[in-house]
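Visitor: I would like a close look at a single part of this model, the central sheet, and at what is packed around it. Please take me through it step by step.

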Amino acid sequence: MTDTPERALVVMAHPDDADFSCAGTVALWTDAGTEVVYLMVTDGEAGGDELTLDSAEIGAMRREEQRRAAAEVGVKDVRFLGYPDGRVEATLDLRRDISRVIRQVRPQRVIIPSPERDWDSVAASHPDHMATGEAAMNAVFPDARNPHAHRELLAEEGLAPWTVSEVWVIGGPGHHTDITEVFERKVAALAAHESQISDIAELEPMLREWMGANAAGAGLPEGSLAEVFRVVNTA
C-alpha cells in the first residue's frame, strides 16, 4: 500500500517519540484526509531531570504536552496506556492492550518503533522503544487479527479481529517520506514538549541536519528533508 490510508495508528513508548520520529509524515497524512490516532504506552513520567515534581505530576504534564504536539500535525485522538516509564516489557498484557486499540481504530497502517537495537545510535534504542516495537508488531501479527487471541476482546468487549495491511518501522531502511513542506509543523510539535526540550531553536538545526542526511541518502533534491521507515507488508 503506497497510497494514503483512511486510518493509521502510531504506537510509541513515550510522549515526544512520535514527534521526533514521524510527525512530518503524520502531518502529510492528516492533510490528505487520514484519520491518525496516537497511542502512547507510557505517560513519560520518568523523562527529564526534574526532581521537584512527583511522577503523577510529570505524567499529567507530559500527556498534555503530547496532546498539544499532536494537534500541530492534525491528530485529535491521543491515547495513553499508562505503563510505567522505563519498565516497559513486551508482555502478553501489553500485546492485548495494543490489540484492543488496533481493533477499535481498525487502521490500514501502523507506525511502530524498531524492536531491534541500533548499535550506531544507542539513544534510539531505549529499552522501552524496543519493547514497544516488539509488542506492537506481535499485536499486529498475529494477535489483532486472530479471534482466538485475547478472546475477551471479542467475547466481552465486542471487538472483532482486524488485519493491518502495513507496518512502518521507524528508522528504515527502505522508504523515505519527503517532509520538507511540513518540517516547520514537526518543529512546532516538538516545541510543545517544553518539559523535555528547553531550547527548540538549538534543536532545529540538528533536526535539519538529521532529516537532510535522510533525504540525501534517498537521492532527494538538495535542501530536502525526510523521515525514514522500513515498510512491512502485514496483510
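Guide: What follows goes from the sheet to its inner strand, then to the cores, the helices and a few unusual backbone positions. The model is a predicted one, and every value below is computed from it.

The sheet is an open one of six strands, arranged in the order β3-β2-β1-β4-β5-β6, and its pairing is mixed. Its edges are formed by β3 and β6 (226-233), each of which pairs on one side only. Direction ignored, neighbouring strands of the sheet are turned by 35° against each other on average. Towards the β3 edge, β2 and β3 run parallel and are joined by five bridges, and within this pair T42 has Y83 in β3 as its bridge partner.

Strand β1 deserves a slower reading. With β2 it pairs in the parallel sense over six bridges, and the bridge partner of A8 in β2 is V36. With β4 it also runs parallel, joined by three bridges, and here A8 stands opposite R109 of β4. The side chains of β1 are divided between two directions, R7, L9 and V11 pointing one way and A8, V10 and M12 the other way, and all of them are buried. Because six of the six residues of β1 are buried, this strand is largely enclosed by the rest of the structure.

The nonpolar residues can be followed from here. In soluble globular proteins, nonpolar side chains tend to be buried together. In this model the largest nonpolar core has 34 residues, and those with the most contacts inside it are V10, C22, Y38 and I111. Several elements each supply at least two residues of this core, among them the strands β1 (7-12), β2 (35-42), β3 (77-83) and β5 (166-178), together with the helices α2 (23-31), α3 (55-72), α7 (183-191) and α8 (200-217). I111 shows how such contacts are distributed: leaving aside its neighbours within four places in sequence, I111 is in contact with L9, V10, V11 and M12, and also with C22, W29, W168, I170 and F229. A second core, separate from this one, has 24 residues and includes L39, Y83, I98 and V105.

Helices complete the surroundings of the sheet. Helix α5, residues 127-143, packs on the sheet and touches β1, β2, β4 (109-112) and β5, while its direction makes about 160° with that of β4. Helix α8 lies across β5 and β6, running at about 55° to β6.

The packing of α8 with α7 can be described in more detail. Two packed helices are described by the angle between their axes and the distance between the axes. For α7 and α8 the angle is about 135° and the axes are 11 Å apart, which means that α7 is oblique to α8. The crossing in which α7 passes α8 is right-handed. On the α7 side the residues that meet α8 are F183, E184, K186, V187, L190 and A191, and on the α8 side they are I200, L203, E204, L207, R208 and M211.

Some backbone details belong to these same elements. A cis peptide bond, with omega about 15°, joins F141 and P142, and P142 has its place in helix α5. Another cis peptide bond, with omega about 5°, joins G172 and P173, where P173 is found in strand β5.

Two loop residues carry an uncommon sign of phi for comparison with these. D16, although it is not a glycine, has a positive phi of about 90°; D16 is found in the loop between β1 and α1 (17-21), and D16 is buried, with a relative accessible area of 10%. H150 is likewise a residue other than glycine with a positive phi, near 50°; H150 is found in the loop between α5 and α6 (152-155), and at 15% relative accessibility H150 counts as buried.

A last position leads back to α5. A90 has its place in the loop between β3 and α4 (92-105), and at 34% relative accessibility A90 counts as partly exposed. The C-alpha atoms of A90 and P127 are separated by 10 Å, although these residues are 37 residues apart along the chain. Leaving aside its neighbours within four places in sequence, A90 is in contact with A131, E134 and A135.

Key:
Residues numbered from 1 in each chain as written. Predicted model: local features only at pLDDT ≥ 70, side-chain atom pairs only at ≥ 80, totals over all residues. Heavy atoms only, no water. Core = buried A, V, L, I, M, F, W, Y, C linked by side-chain atoms within 4.5 Å. Buried < 20%, exposed > 50% of the residue type's maximum accessible area, 1.4 Å probe, protein only. Helix = DSSP H or I, 4+ residues; strand = E, 2+ residues; numbered from the N terminus. Contact = heavy atoms within 4.5 Å. Pairing = 2+ DSSP bridges. Axes fitted to C-alpha atoms, helices over the stretch in contact; angles between N-to-C directions. Parallel < 35°, antiparallel > 145°, perpendicular 65-115°, else oblique. Left-handed = near helix turned anticlockwise from the far one by under 90°.
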